[in-house]
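Visitor: I should like a close look at a single part of this structure, together with its setting in the chain. Please take me through it in one connected account.

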Amino acid sequence: MTLQNPPVNSLSLDFLTEFCSALEKLEMDKSCRGVILTSGQPKVFSAGLDIMEMYGKSPERCGEFWRAVQEMWLKLYSSNMVIIAAINGSSPAGGCLMSMTCDYRIMADNPRYSIGLNETQLGIVAPFWFKETMVNTVGHRTTEIALQLGQLYSPTEALDIGLVDKLVPEDQIIATATQTMTKWLAVPDHARQITKSMMRKPTIDKLMSKREPDIQNFVSFITKDPIQKSLGLYLSMLKKRKS
Ligand SMILES: CCCCCCCCCC/C=C/CC(=O)SCCNC(=O)CCNC(=O)[C@H](O)C(C)(C)COP(=O)(O)OP(=O)(O)OC[C@H]1O[C@@H](n2cnc3c(N)ncnc32)[C@H](O)[C@@H]1OP(=O)(O)O
């Protein structure tokens, strides 16, 4: 699957809805056992959640957006398929979350790229299921430091902490992902799928049982004046940096 939402693959409501529907089709297709997730945009895997979906929007619209974010996470994290992330660009916040739902992460070894959950840098807080996905990936202590600082890691740093599994030159990323997929698909599906589910079920069940309160929490948090102000400042910083 190639992410195509120019310019930076930000995760808008429309894009998330389309993504989930495409993933569901693959999940139901018995001939499809694995997916390589990559970006069709230069330099960026995904810029994370579309900030415009969280800025100046009605509570109803924010709720609809958050349900779509939950759905994307649930579909990816609980997929029966082998999902390999070929991270061919920067992957902050929601982009990092998306990568962490995959079974294996291969990143281009370009020092200009970065990956991490940088929410606190925007004045917002990564919700419990973002946090738990990271704990399940890199462990508790590393997550505590990463989340409080809103740290973005270079590919080499990300490899050091186990946030990605392998670095390769960018032009070899799909070939390496394909070789890796062959190895993962050599394991009998049922045994691998049960094992994956055993590892991830507690985190998935926790969000499933708290979906509505999590949406309420998000809406009441994101629509608060100081949070809207922080997002507005961050957006203008992004635009200014460009000029
Ligand atoms: C008890 C508490 C309970 C809490 C419950 C509530 C929890 C709330 C949590 C909400 C979680 C949010 C997670 C997120 O994903 S937030 C998004 C974070 N994303 C970022 O910080 C990334 C920002 N972008 C960048 O750093 C860079 O754009 C880039 C990805 C490194 C690419 O750089 P590049 O130089 O190639 O591109 P530009 O910066 O010039 O960007 C091109 C245009 O795209 C716009 N842009 C970039 N990112 C976003 C985005 N995420 N959303 C919307 N728009 C984005 C950028 O402004 C440029 O626009 P322009 O062309 O109009 O200037």
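Guide: Two residues are taken to be in contact if their C-beta atoms, placed from the backbone, lie within 7 Å. By that criterion, residues 24 or more positions apart account for 78% of the contacts in the chain with a separation of 6 or more. The model under discussion is predicted. The mean pLDDT of the chain is 97, and 99% of its residues reach 70 or more. For the complex, the predictor gives an ipTM of 0.98 and a pTM of 0.98.

The setting may be described first. Ten helices and seven strands make up the secondary structure of the chain. Its radius of gyration is 17 Å, close to the 18 Å expected from the globule rule for 243 residues, so the chain is as compact as a globular protein of that length. Along the principal axes, the C-alpha atoms fill a box of roughly 50 × 40 × 35 Å. Of the 243 residues, 37% count as buried.

The part chosen for the close look is strand 5, with the sheet to which it belongs. Five strands form this open sheet, in the order 1-2-3-5-7, and their pairing is parallel. Strand 1 (residues 2-3) and strand 7 (residues 166-168) stand at the edges with a single partner strand each, so one side of each lacks a neighbour in the sheet. Strand 5, by contrast, sits between strand 3 and strand 7 in that order.

Strand 5 comprises residues 104-108, and three bridges join it to strand 7, the two running parallel. In that pairing, Ile106 stands opposite Lys166 of strand 7. Helix 7 (residues 173-185) packs on the sheet and touches strand 2 (34-39), strand 3 (82-87), strand 5 and strand 7. The direction of helix 7 makes about 160° with that of strand 3.

On its other side, strand 5 pairs with strand 3, again in the parallel sense, over four bridges. Here Met107 of strand 5 is the bridge partner of Ile87. Strands of a sheet pair through backbone hydrogen bonds, either parallel or antiparallel. Strand 5 is also mostly covered, since four of its five residues are buried, a residue being counted as buried if 20 or more other C-beta atoms lie within 10 Å of its own.

Some loop residues elsewhere in the chain deserve attention for their backbone geometry. Most residues other than glycine have a negative phi, and most peptide bonds are trans. The peptide bond from Pro6 to Pro7 is cis, with omega near 5°, and Pro7 lies in the loop between strand 1 and helix 1 (13-28). Asn9 is found in that loop between strand 1 and helix 1, and has a positive phi of about 50° although it is not a glycine. Asn9 counts as buried because it has 26 C-beta neighbours inside 10 Å.

Ala93 belongs to the loop between strand 4 (91-92) and helix 3 (94-100). Although not a glycine, Ala93 has a positive phi of about 50°. With 26 other C-beta atoms within 10 Å, Ala93 is buried.

Key. Residues are numbered from 1 along each chain as its sequence is written. This is a predicted model: local features need pLDDT of at least 70, side-chain atom pairs count only at pLDDT 80 or more; totals for chains, interfaces and linings use all residues. The radius of gyration is taken over C-alpha atoms; the globule rule is 2.2 Å times the number of residues to the power 0.38. A residue is buried if 20 or more other C-beta atoms lie within 10 Å of its own, exposed if 12 or fewer, and partly exposed in between; C-beta atoms are placed from the backbone. Two strands pair if DSSP finds at least two bridges between them. Axes are lines fitted to C-alpha atoms, for helices over the stretch in contact, and angles run from 0 to 180 degrees between N-to-C directions. pLDDT is the predictor's confidence in each residue, from 0 to 100.
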